[in-house]
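Hi,

Here's the structure you asked for, with my notes underneath. Have it open while you read, and shout if anything is unclear.

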Amino acid sequence: MASVIIAGVGSYAPKRVLTNADLMKIVDTTDEWIVSRSGIRERHIAADDEATSDLAIKSAESALIDANIKASEVDLLIVATATPDYPLPSTACVVQHKLGVPPHATCFDISAACSGFLYAMEVAYGLILTNRYKCALIIGAEKLSSIVDWKDRTTCVLFGDGAGAAVLKKVDQPGIGIIGSDLGADGEMVDALLMPGGGSRCPASTKSVESGQHFLRMKGKEVFKNAVRVMETVAREMVEQHHLTVDQISLVIPHQANIRIIEALSTNLGIPMEKFYVNLDRYGNTSAASIPLALDEARRAGRIKPGDYTLFVAFGAGLTYGSTLIRW
Ligand code: ACO
């Protein structure tokens with residue numbers, strides 16, 4: 001039986017680093033508040049002339065090298081992002097052209113906020129198994145600094161910019177690669193985290209700009225409570241469905257939003273924190289980029305070995321959520 005494997009990964013973070021001390025000059029906050037409430041110490045911020053596609057391309061180039069694949073071999077390109085270069089066309093088309101992915105490739109964006117990379121992986125997995133695609137490039141990329149209200153201390157301290165990418169391929173070896181995926185959404189929670197302006201409900205106008213409709217708004221406590229609940233549920237179900245115990249999971253790569261959410265997940269699942277890969281202290285919440293960025297770092301740090309089980313678990317605006325189980 002055929003499997004779909006992660007053949008290569010890459011990531012990129014913009015050069016500019018914004019520390020908590022820097023933020024203290026912009027809004028009424030403290031390093032102590034940010035670290036104790038979120039675990040974040042610094043985040044990377046894209047330059048004014050750097051868009052989401054620029055970050056995506058750099059991460060993709062590194063993933064293609066890692067997989068020893070040429071851009072010309074990619075026939076499926078998916079970009080997961082909440083901060084596309086344009087409302088239309090897709091950021092995937094911008095990336096395709098600049099990266100040299102051929103015109104016959106299928107290229108589109110996925111909007112599932114912080115769960116976007118796992119949604120992209122599930123879609124690519126299914127399309128590869130139709131045998132109509134040979135090589136998928138999936139990218140999670142965000143320039144969240146472009147939709148954050150830099151006057152709102154309750155949100156601006158939490159987010160950062162970055163990108164991560166993976167090359168997916170089919171192999172004729174059973175039981176490896178993407179062995180399970182469980183995605184979901186709770187549309188009743190749309191209001192908990194959204195950017196109200198710029199879409200068909202509230203098109204851009206002088207009034208929408210003046211009233212701050214084009215910034216991200218979040219009910220932090222509601223998101224927090226739901227995140228812990230749904231991530232625990234999908235992670236536990238994924239392990240049980242595959243007749244594993246939590247002890248057999250070598251590494252959990254959770255969405256990097258808040259250290260307290262990850263610690264609660266660790267306690268509730270009974271998986272020690274040492275088995276969680278955490279880099280939110282250096283990047284903040286990079287939404288769809290967070291899991292592939294952490295995956296790339298974890299792999300390069302030697303935290304993943306052949307035969308290991310790795311569990312990805314995410315939640316985001318929507319509220320979307322999901323878990324994916326990988327065997328290397
Ligand atoms: N600096 C100092 N004080 C602050 C700051 C700040 N940056 N932000 C808020 N405060 C104040 C508040 O005004 C409040 O003051 P008050 O009690 O006088 O009203 C106090 O700190 C406590 O605020 P809370 O909102 O109750 O703080 P909480 O402990 O809930 O932490 C946080 C807030 C960090 C946002 C938390 O709720 C959280 O992490 N929620 C989840 C958010 C998340 O993960 N979002 C990402 C979703 S993924 C996606 O799709 C993008």
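Sorted by class, the shell around the ligand has 14 nonpolar, 7 polar and 5 charged residues. For that split, Ala, Val, Leu, Ile, Met, Phe, Trp, Tyr, Cys and Pro count as nonpolar, Asp, Glu, Lys and Arg as charged, and the others, Gly among them, as polar. A residue is near the ligand if one of its heavy atoms lies within 4 Å of it. There are 26 residues around the ligand, and T29, R37, C114, K221 and N258 come nearest.

Before you go further: this is a predicted model, where local features need pLDDT of at least 70, side-chain atom pairs count only at pLDDT 80 or more, and totals for chains, interfaces and linings use all residues. Residues are numbered from 1 along each chain as its sequence is written, and side-chain values use heavy atoms, with hydrogens and water left out.

Now, which elements give two or more residues to the shell around the ligand? They are α2 (31-38), α6 (153-156), α8 (220-241), α9 (259-269) and β12 (309-316), and α8 gives the most, with 4 residues. (Helices, H or I with at least four residues, and strands, E with at least two, are DSSP runs numbered from the N terminus.) Domain 1 (3-174) and domain 2 (178-327) each give at least three residues to the shell; those bounds come from an automatic or database domain assignment.

Next, the polar contacts, meaning pairs of N or O atoms within 3.5 Å. A ligand nitrogen is 2.9 Å from a polar backbone atom of G220. One ligand oxygen atom is 3.1 Å from a side-chain N or O atom of W33, and a ligand oxygen atom is 3.3 Å from a side-chain N or O atom of R260. Taken alone, the ligand exposes 1,000 Å², and the protein buries 75% of that (areas by the Shrake-Rupley method with a 1.4 Å probe).

Lastly, some backbone oddities. Most residues other than glycine have a negative phi, and most peptide bonds are trans. The bond from L88 to P89 is cis, with omega near 5 degrees, and P89 lies in the loop between β4 (76-80) and α4 (91-99). The bond from G318 to L319 is also cis, with omega near -10 degrees; look for L319 in the loop between β12 and β13 (320-327). A113, a residue other than glycine, has a positive phi, near 50 degrees, and is in the loop between β5 (106-110) and α5 (116-129).

Cheers

Conventions:
A polar contact is a pair of N or O atoms within 3.5 Å; within protein, one must be able to donate a hydrogen and the other to accept it, and residues adjacent in sequence count only if both atoms are side-chain atoms.
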